[in-house]
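The following exercises are to be worked with the sequence and the model at hand. Each task is followed by a stepwise solution.

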Amino acid sequence: MTKVKIVTDSACTMEPGLAEKLGIKIVSLSVMIDDVIYRDADLDGDDFMEMMANAKALPKTSQPPIGEFVEAYDELGKDGSSVISIHFTNLLSGTVEAARQAAQISKTDVTVIDSTFADQGTSFQVIRAAEMALEGATKEEIIQEVEKVKENTTLYIGVASLDNLVKGGRISRATGVLSNVFNIRVVMQLLDTGLETMSKGRGAKAFIRWFEEVKKDMASKNNIRAIGISHANGLEIATYYKEELQKLFPNMHIPVLTTSSTISTHTGKGAFAIMYYTD
């Protein structure tokens, strides 16, 4: 039986050591801060937030070179293995397109999947794929399961300041100025068609009011399989969300992780994400 190996990128947030344990290959995006290029995978999330705050301009992110993907695929396929490569949503990065181009060049049998998510929303798919690969599942079985996880994933992003979204050209400057003047907090849901605003409100309490509604919705579900919480220098509120959700799901492990530099570049300081998937 042909082995299957799993590849992802550094915008896929996982607990330390998990990728190594499950045999997941991570190809790194890069970040340029004041003309110096860093590998996203080498940057500590908290250190990056300080570097970004002190930078002269908003850092610029870029997808991995096609050659790095080709090299990774060729190496993994030397023993005849197939590769499933699962990546950061195409809405926010060109990473998945670079992976697709590399797959056409590589000698290895590679299937590239757009996760349509980011952060732990992507890792739900990647971790499940890696677990199945270790269990000896076929490529077709893994792809089918990944698509199921994708279809049943929900990801919310809370943004405390719209400055970085404005600087990165994601929203208009006028919108950003008005939101900052009125201390507006925004919660969006990441869909395969884009970011959809779910809630707006003034001050930190706006996040809490939104969370109470989400908590009610999650409490009504009896088939939640995994929950993840990530943040960009927003540990306090992320920890609060974990504690509250842990009361609802006492037996579930809920990671609270610092998001990657490529994501926090766009979301800015104080952002968070809550994501989960169901059976």
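**Exercise 1: Burial and overall dimensions**

Of the 279 residues of the protein, 54% count as buried, where buried means under 20% relative accessible area, exposed over 50%, and partly exposed in between (1.4 Å probe, protein chains only). The model is a predicted one, in which local features need pLDDT of at least 70, side-chain atom pairs count only at pLDDT 80 or more, and totals for chains, interfaces and linings use all residues. Residues are numbered from 1 along each chain as its sequence is written, and side-chain values use heavy atoms, with hydrogens and water left out.

Task: Determine which radius of gyration the protein has and what a compact globule would have.

Solution.
1. The radius is taken over C-alpha atoms, and the globule rule is 2.2 Å times the number of residues to the power 0.38.
2. For 279 residues, a compact globule would have a radius near 19 Å; the protein has 19 Å, which agrees.
3. The C-alpha trace spans about 60 × 50 × 30 Å along its principal axes.

**Exercise 2: The surroundings of a strand**

Task: Establish how strand β11 is placed and which strands pair with β11.

Solution.
1. The protein has 11 helices and 13 strands; helices (H or I, at least four residues) and strands (E, at least two) are DSSP runs, numbered from the N terminus.
2. Strand β11 covers residues 224–232, and 8 of its 9 residues are buried, so β11 is largely enclosed by the rest of the structure.
3. Two strands pair if DSSP finds at least two bridges between them. Strand β13 (residues 271–278) runs antiparallel to β11, joined by 8 bridges; Ile224 has Thr278 of β13 as its bridge partner.
4. Strand β12 (residues 256–258) pairs with β11 in the parallel sense over 3 bridges, and Leu257 in β12 stands opposite Ser230.

**Exercise 3: Individual residues**

Task: Decide whether Lys215, Asp35 and Asp119 are buried or exposed, and describe their settings.

Solution.
1. Lys215 lies in helix α9 (residues 205–219) and is buried, because its relative accessible area is 15%.
2. Leaving aside residues up to four places away in sequence, Lys215 touches Glu244, Leu245 and Leu248, a contact being heavy atoms within 4.5 Å.
3. Asp35, in the loop between β3 (30–33) and β4 (36–39), has a positive phi near 75 degrees. Asp35 counts as exposed because its relative accessibility is 70%.
4. Asp119, in helix α5 (residues 119–134), has a positive phi near 55 degrees. At 4% relative accessibility, Asp119 counts as buried.
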